[in-house]
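Student: I would like a close look at one part of this model. Please take me through a single helix and what surrounds it.

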Amino acid sequence: MTIQVAKLSDPAVRAFVTAVNAHDREAFEAVLAPGATMSDDGSDRDLEDWIDREIFSTHGHMDVDNESNGGRSLIARYNNDTWGEMKTKWSFTVDDGKISRFETGQA
């Protein structure tokens with residue numbers, strides 16, 4: 001069963017998912033700490049290139065099925081125009097209310 005985005009426990013993660021689903025790049029970037037990093041399937045990626053390619057130019061959307069670790073770990077069905085829908089895991093490091101790192105990959 002999908003968890004409503006408004007009910008996600010961690011405010012920064014909730015803002016991240018909200019921005020992804022609204023295709024709001026400005027809100028997305030506002031939730032990231034300066035110098036934020038990320039990895040996809042265990043490999044570090046260039047953040048700006050990745051979010052453009054995997055989220056914003058391809059209409060990314062997250063339906064969260066489960067959260068753990070105080071809301072900083074998610075299992076979600078992620079969908080975009082390139083890959084279709086896949087089950088994904090997301091892990092977030094939050095410092096001072098901003099996401100300093102996220103890791104994603106197939107679950």
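Tutor: Start with two rings: F16 and F92 are both buried, meaning under 20% relative accessible area, where exposed is over 50% and partly exposed lies in between (1.4 Å probe, protein chains only). This is a predicted model, in which local features need pLDDT of at least 70, side-chain atom pairs count only at pLDDT 80 or more, and totals for chains, interfaces and linings use all residues. Residues are numbered from 1 along each chain as its sequence is written, and side-chain values use heavy atoms, with hydrogens and water left out.

Now the ring geometry. The structure holds 11 aromatic pairs. Rings of Phe, Tyr and Trp (its six-membered ring) pair if their centres lie within 6.5 Å; planes under 30 degrees apart count as stacked, over 60 as edge-to-face and the rest as tilted. The ring centres of F16 and F92 are 4.9 Å apart and the planes stand at 70°, so this pair is edge-to-face. The pair links distant parts of the chain: F16 sits in helix α1 and F92 in strand β5, 76 residues apart. Helices (H or I, at least four residues) and strands (E, at least two) are DSSP runs, numbered from the N terminus.

F92 has another partner. The rings of W90 and F92 have centres 6.3 Å apart and planes at 10°, so that pair is stacked. Both W90 and F92 are buried. These rings belong to one aromatic cluster, formed by F16, F28, W50, F56, Y78, W90, F92 and F102.

Next, the helix that carries F16. Helix α1 covers residues 11–22, 12 residues in total. From first C-alpha to last, α1 reaches 16 Å, close to the 16 Å expected at 1.5 Å a residue. That expected span is 1.5 Å times one less than the number of residues.

Which residues of α1 are buried? They are A12, V13, F16, V17, A19, V20 and N21. An α-helix has 3.6 residues a turn, so residues three or four places apart point the same way. The buried residues of α1 pack against α2 (25–31), α3 (47–56), β3 (61–68), β4 (73–80), β5 (84–95) and β6 (98–106). A contact here means heavy atoms within 4.5 Å.

Look at both ends of α1. At its start, a side-chain oxygen of D10 comes to within 3.0 Å of the backbone nitrogen of A12. A polar contact is a pair of N or O atoms within 3.5 Å; within protein, one must be able to donate a hydrogen and the other to accept it, and residues adjacent in sequence count only if both atoms are side-chain atoms. After α1 comes H23, with a positive phi near 55°.

Positive phi values turn up in loops too. D41 has a phi near 50°, and D41 is not a glycine. D41 is found in the loop between β1 (32–40) and β2 (43–45). H59, also not a glycine, has a positive phi of about 60°. H59 lies in the loop between α3 and β3. At 45% relative accessibility, H59 counts as partly exposed.

Last, the setting of α1. The protein has 3 helices and 6 strands. Along the sequence they follow the pattern α-α-β-β-α-β-β-β-β. Buried residues make up 40% of the 107 residues. Among contacts with a separation of 6 or more, 46% join residues 24 or more positions apart. Along its principal axes, the C-alpha trace spans about 35 × 30 × 25 Å.
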